[in-house]
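Here are some exercises to work through with the model open beside you. Try each task before you read its solution.

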Amino acid sequence: MRTAALLTLTALLLTACSATATTPENDGCAQTPLSELKLDTPANQITGVSDACLANPAIDPIEKDPTPKLPVTVTDDAGAQVTVTDASRILALDISGTLAATVWGLGLGKNLIGRDAATSFPGTEKLPLATGSSHTLNAEAILAMAPTVILTDGSLGPKAVREQLAQAGIPVVKITQDRTISNTGDIVREVSTALGIPETGTKLTERISTELKTALGDVQKIVPADESKRPRVIFLYARGGAGIYYLFGEGSGADSLIDAIGGVDVAKEIGWNGMKPMTAEALMNAKPDVLLMMTDGLKSVNGIDGLLEQIPALASTPAGEHRRVVTMNDTEILGFGPRTAAVVESLARALYTAPEPSATPAK
């Protein structure tokens, strides 16, 4: 299910070239601890647009320059046996930027020689793109970079390019495509094992787990005990220029985020699986209090006014009536990895507190 969902997301991004995410802007990002939030208005009655942001989008490596123990032969997610002999020139490419973030978190960031369009955290800005703006692998560009190992997950294509790279003698290791909060440790394990630093991977997994446990505990302290007062949330993917509107349901990864921040996952209620084109009927049946969106998605429809104009059915929902949307940068919101705990905290902060008048995006 999750593999199919990621393939759907790939198709969406390939269709909407304008989906290339912008670099996160975090200046002035308020980060009041969750325990100190002023919860004056019930979350399901808050009005306006809130932007969830990371005060510090940087990734702190768990170790500095760990020494890979190579060669190592792994059985990757596709069932292929791949031998990695050199990790000095790494390409870690996927549609969410998770793999590059994981390599950086393991302490091998200096070995990254290129990036995908979803990778933009501090330290990676000057890396050359190995993908086009439409999130496709560029064989010529990749071969020119002379990577010694490529980590990918199948979310970027074409498949023929991946096969071409492998035939050129480059070890291409396929990592799991699943992207949820619960399988972050699997991703770290697969990446660290392929790079010959499994012990470092264990340390990073433990840190992520500890941070996430703390974040989830803090979130639960502000989630209403009465489920009827919890905000009903649905993830809407929009690319206005291409006329693309999708609802993300079970198995999309968005569902695990909604659960983590204590929202009622209304896609689950209406039996919405994976990522499918939005219908007016589904939106009205879901009756969301809040729309969870990517920042560039809301911008692509010219803000909340444009969204209501493009989707008339939205006006009949509580989210439309309250003009209630929570956004987060495209490169962060579904990029599960070393920053997962920070993403959960930021989304919860935006969900449960009313936006400052000056912070609410313009019409």
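**Exercise 1: two helix pairs**

Helix α5 (residues 184-194) packs against α6 at an angle of about 160 degrees, and their axes are 8 Å apart. This is a predicted model, in which local features need pLDDT of at least 70 and side-chain atom pairs count only at pLDDT 80 or more, while totals for chains, interfaces and linings use all residues. Residues are numbered from 1 along each chain as its sequence is written, and side-chain values use heavy atoms, with hydrogens and water left out.

*Task.* Work out how α5 is oriented relative to α6, and which residues make the contact.

*Solution.*
Step 1. Two packed helices are described by the angle between their axes and the distance between the axes. Helices are DSSP runs of H or I with at least four residues, strands are runs of E with at least two, and both are numbered from the N terminus. Axes are lines fitted to C-alpha atoms, for helices over the stretch in contact, and angles run from 0 to 180 degrees between N-to-C directions.
Step 2. Angles under 35 degrees count as roughly parallel, over 145 as roughly antiparallel, 65 to 115 as roughly perpendicular and the rest as oblique. Therefore α5 is roughly antiparallel to α6.
Step 3. On the α5 side the contact (heavy atoms within 4.5 Å) is made by T184, G185, V188, S192 and T193, and on the α6 side by P198, G201, L204, T205 and I208.
Step 4. By class, this contact has 4 nonpolar, 6 polar and no charged residues. Here Ala, Val, Leu, Ile, Met, Phe, Trp, Tyr, Cys and Pro count as nonpolar, Asp, Glu, Lys and Arg as charged, and the others, Gly among them, as polar.

*Task.* Now do the same for α6 and α14.

*Solution.*
Step 1. Helix α6 (residues 198-220) and helix α14 (residues 340-352) pack at about 15 degrees, with axes 8 Å apart.
Step 2. The two helices are therefore roughly parallel to each other.
Step 3. E211, L212, A215, L216 and V219 of α6 meet T340, A341, V344, E345 and A348 of α14.
Step 4. The residues of this contact divide into 7 nonpolar, 1 polar and 2 charged.

**Exercise 2: two strand residues**

*Task.* Decide whether V326 and T152 are buried or exposed, and list what each touches.

*Solution.*
Step 1. Buried means under 20% relative accessible area, exposed over 50%, and partly exposed in between (1.4 Å probe, protein chains only).
Step 2. V326 belongs to strand β12 (residues 325-328), and its relative accessibility of 2% makes V326 buried.
Step 3. Leaving out residues up to four places away in sequence, V326 touches S50, V290, L291, L292, M293, L347, A350 and L351. The C-alpha atoms of V326 and L351 are 6.5 Å apart, although 25 residues separate them along the chain.
Step 4. T152 sits in strand β5 (residues 149-152) and is buried at 4%. With the same sequence neighbours left out, T152 touches L93, L99, R162, V172, V173, K174 and I175.

**Exercise 3: backbone details**

*Task.* Where is the cis peptide bond from L70 to P71 placed, and what is the phi of D65?

*Solution.*
Step 1. The bond from L70 to P71 has omega near 5 degrees, and P71 lies in the loop between β1 (49-52) and β2 (72-75).
Step 2. D65 is found in the loop between β1 and β2. Its phi is near 50 degrees, a positive value in a residue other than glycine.
Step 3. With a relative accessible area of 36%, D65 is partly exposed.
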